[in-house]
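Reader: I have a few things to ask about this one. Can you put it up?

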Amino acid sequence: MSGEGKLKVVINKAACCGYGVCAEICPDIYKLDEHGMVYVEDEIVPEGMEALAREGADACPQSALKLVSA
Ligand code: SF4
């Protein structure tokens, strides 16, 4: 049993400085807009991608990404 339910990405847009580290680590979830700022197409993390999503969020130098229970 994995114990972890669905995760949701919460973006603090004001904190994002467009480093793009998140998108480099996990491009399937974290996308960059034309200004290089992060966005997600679907805030719900697809099943099986939780670890990568977490890695991308943890790598953000601005701590702009949080994962919460959906
Ligand atoms: S790593 Fe953080 S600061 Fe950089 S684009 Fe992603 S959310 Fe924004």
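Author: What follows is a short run through the ligand site, one helix and a handful of loop residues; the model is a predicted one.

Reader: Start with the ligand. How many residues surround the ligand, and which are the closest?

Author: The ligand has 14 residues around it. Cys16, Tyr19, Gly20, Cys22 and Cys60 are the closest.

Reader: How does the shell split by class?

Author: Of the residues around the ligand, 11 are nonpolar and three are polar. No charged residues are found in that shell.

Reader: And which cavity does the ligand take up?

Author: The largest cavity is the space taken by the ligand.

Reader: Back to Cys60. Where does cysteine 60 lie, and is it buried or exposed?

Author: Cysteine 60 is in the loop that runs between helix 2 and strand 4. Its relative accessible area is 13%, under the 20% cut-off, so cysteine 60 counts as buried.

Reader: How far is cysteine 60 from tyrosine 19?

Author: Their C-alpha atoms are 8.0 Å apart, with the two positions 41 residues apart along the chain counted as separation.

Reader: Now helix 2. Which residues of helix 2 are buried?

Author: Helix 2 spans residues 50-59, and its buried residues are Glu50, Ala53, Gly56 and Ala57. These four lie on the same side of helix 2 because they cover an arc of only 130° around the axis.

Reader: What is on the other side of helix 2?

Author: Ala51 and Asp58 are there, and both are exposed.

Reader: What do the buried residues of helix 2 pack against?

Author: They pack against strand 1 (7-11), helix 1 (21-25) and strand 4 (65-69).

Reader: Tyrosine 30 next. Where is tyrosine 30 found, and is it buried or exposed?

Author: Tyrosine 30 sits in the loop between helix 1 and strand 2 (31-32). Tyrosine 30 is buried, at a relative accessible area of 1%.

Reader: Which residues is tyrosine 30 in contact with?

Author: Leaving aside neighbours within four places in sequence, its contacts include Ala53, Gly56 and Ala57, which are also among the buried residues of helix 2. Val9, Cys22, Leu65 and Leu67 are also among the contacts of tyrosine 30.

Reader: Different loop. Where is cysteine 17, and what does cysteine 17 touch?

Author: Cysteine 17 is in the loop between strand 1 and helix 1. Not counting residues up to four places away in sequence, cysteine 17 touches Met37 and Gln62. Cysteine 17 counts as partly exposed, at 43% relative accessibility.

Reader: How far is cysteine 17 from serine 63?

Author: The C-alpha atoms of the two are separated by 10 Å, and the residues are 46 apart along the chain.

Reader: What about the phi of serine 63?

Author: Phi of serine 63 is near 50°, a positive value in a residue other than glycine. Most residues other than glycine have a negative phi. Serine 63 is in the loop between helix 2 and strand 4, and is partly exposed with a relative accessible area of 45%.

Reader: Last one. Where does glutamate 47 lie, and is it buried or exposed?

Author: Glutamate 47 is in the loop between strand 3 (38-39) and helix 2. Glutamate 47 is exposed, with a relative accessible area of 72%. The C-alpha atoms of glutamate 47 and tyrosine 19 are separated by 26 Å.

Conventions
Residues numbered from 1 in each chain as written. Predicted model: local features only at pLDDT ≥ 70, side-chain atom pairs only at ≥ 80, totals over all residues. Heavy atoms only, no water. Near = heavy atom within 4 Å. 1 Å grid on protein atoms, 1.4 Å probe; cavity = no way out; pocket = protein on both sides within 12 Å on 5 of 7 lines; lining within 4 Å. Sits in = over half its atoms within 2 Å of the grid points. Nonpolar A, V, L, I, M, F, W, Y, C, P; charged D, E, K, R; others polar. Buried < 20%, exposed > 50% of the residue type's maximum accessible area, 1.4 Å probe, protein only. Helix = DSSP H or I, 4+ residues; strand = E, 2+ residues; numbered from the N terminus. Arc of directions from axis to C-beta. Contact = heavy atoms within 4.5 Å.
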